Amino acid sequence: MSPAKAPAKPVRILLAKVGLDGHDRGVKVVARALRDAGYEVIYTGLRQTPEMVVDAALQEDAQVIGLSLHSGAHMTLFPAVVSELKKKNATDIIVFGGGIIPDDDVEELKKQGVAELFTPGTPLQDIVEWLRKRFPSS
Amino acid sequence: MRALARAITMVERRDAEVRELQQALRDRVQTPYVVGFTGAPGTGKSTLVDALVALLRKRERSVAVIATDPNSPFTGGAILGDRIRMQRHALDPKVFIRSMGARGHLGGLSLAAREAIRLLGAFGFDPVILETVGVGQSELEVAAVADTTVVVLTPNLGDGVQMIKAGILEIADIFVVNKADLEGHQRVATELRSMLSLAPKSQDKAWKQPIVATSATRQEGIEELWAAIESHRKHREAGGKAKAQAEQRLKDETAEVVAEIARQRAREALADGGVLAERLREDGTPYEVAEEILRLLRGPRELTP
């Protein structure tokens with residue numbers, strides 16, 4: 001099997017766990033799936049503040065930020081990342097989220113600028129397909 | 001900061017604008033000192049780099065880290081996880097950390113890394129720390145870019161024979177035995193010392209490779225490590241080695257740029273549906289078509305990567 005040709009311009013995705021939440025199984029599974037779909041995944045680990053996440057995304061020149069949260073603080077922390085991006089003039093960076101998020105909150109978060117939310121039970125392929133639609137060349 | 005981050009993306013992607021960028025920066029560039037860290041997965045390289053960054057920040061240096069992790073050879077995808085160990089430097093504007101996939105660079109990692117280092121230097125970061133996993137040959141590329149190469153070992157990596165395998169002894173300017181809080185680190189140092197005394201393999205005969213014991217998680221031995229790096233830097237500069245090496249590297253880099261342009265032109269020439277692609281299918285071997293492409297390369301078209 002010969003090595004497949006790597007995309008010349010791989011999409012860089014920063015994955016982070018924000019807030020006080022040590023449940024990182026989900027984010028690691030997603031990281032692996034995105035890796036296997038050919039993306040460059042930068043995983044920054046647990047207990048990040050919105051400022052840390054945005055700062056890292058800027059240094060890494062990531063096009064996408066993926067947030068994982070199971071602590072219930074998504075209504076505070078997800079919009080905080082979006083507003084930190086606004087503060088840094090970096091609203092071109094797309095934010096998506098995942099975790100235990102009720103349907104009503106999903107609608108509200110989308111209104112506040114989170115591009116998409118993936119709740120428990122989402123097939124990994126759905127996340128990959130969503131990214132492929134956002135970045136057709138990848 | 002975003003400008004710097006974007007510029008590094010450009011050199012990684014090998015965008016055509018890279019050359020203009022490098023030309024524009026030429027006068028601003030103060031080439032930073034480059035310290036390379038390599039070693040097997042799990043030896044504590046990222047933690048060690050994190051500890052060294054902390055020390056350098058105490059001494060008010062601006063530090064950049066380029067941390068490489070391997071890409072999948074099949075999908076090109078990668079998980080770049082070195083930042084996890086360096087979280088305490090988040091939000092410090094004098095620390096710039098960039099993760100880089102080690103594969104999938106057309107011109108090899110070293111070309112992208114070298115240009116990224118130059119950019120970081122232009123933005124005032126000095127030294128630059130280049131970290132790479134020793135899984136294959138990318139550690140050799142690090143040695144080709146770094147001014148001082150640090151090879152990280154730990155206890156329980158295997159017996160003494162592992163140490164005399166090609167590459168490890170030759171590329172190191174400094175050895176670190178990390179995890180010195182674990183049992184067995186003395187034995188690693190002893191075995192290493194005896195290997196080195198049997199046949200000094202350092203390419204620089206006048207330099208005796210020091211062995212530094214560290215415990216990165218406890219921030220122990222880091223001052224000694226930095227002292228060893230500094231003394232290697234002075235050794236290189238005093239012996240005129242630094243200058244000679246810089247000249248040699250510029251030659252190597254030029255050859256790599258030529259290879260990159262040629263490779264790109266060759267791929268264009270061999271595009272599906274073209275005459276040469278057809279001939280290649282008929283011939284079944286690359287040599288005649290390669291000659292043809294080389295003739296095309298000598299042609300008048302301006303060379304654009």
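**View 1. Helix 1 of chain B passes helix 4 of chain B in a right-handed crossing (the near helix is turned clockwise from the far one by less than a right angle).** This is a predicted model, where local features need pLDDT of at least 70, side-chain atom pairs count only at pLDDT 80 or more, and totals for chains, interfaces and linings use all residues. Residues are numbered from 1 along each chain as written, chains are lettered from A and ligands numbered from 1 in the order written, and side-chain values use heavy atoms, leaving out hydrogens and water. The axes of helix 1 (residues 2-13) and helix 4 (residues 109-122) of chain B come within 9 Å and cross at roughly 160°; axes are lines fitted to C-alpha atoms, for helices over the stretch in contact, with angles from 0 to 180 degrees between N-to-C directions. Helices are DSSP runs of H or I, at least four residues, and strands are E runs of at least two, numbered from the N terminus. That crossing makes the two helices of chain B roughly antiparallel (over 145 degrees).

**View 2. Here's who meets whom between helix 1 and helix 4 of chain B.** Leu4(B), Ala7(B), Ile8(B), Val11(B) and Glu12(B) meet Ala112(B), Glu115(B), Ala116(B), Leu119(B) and Leu120(B), with contact meaning heavy atoms within 4.5 Å.

**View 3. An open sheet takes strands from chain A and chain B.** Its 6 strands run in the order 5(A)-4(A)-3(A)-1(A)-2(A)-3(B), with parallel pairing (at least two DSSP bridges between two strands). Strand 5 (116-118) of chain A and strand 3 (78-80) of chain B sit at the edges, each with a single partner strand, so one side of each has no neighbour in the sheet.

Note on methods:
Parallel < 35°, antiparallel > 145°, perpendicular 65-115°, else oblique.
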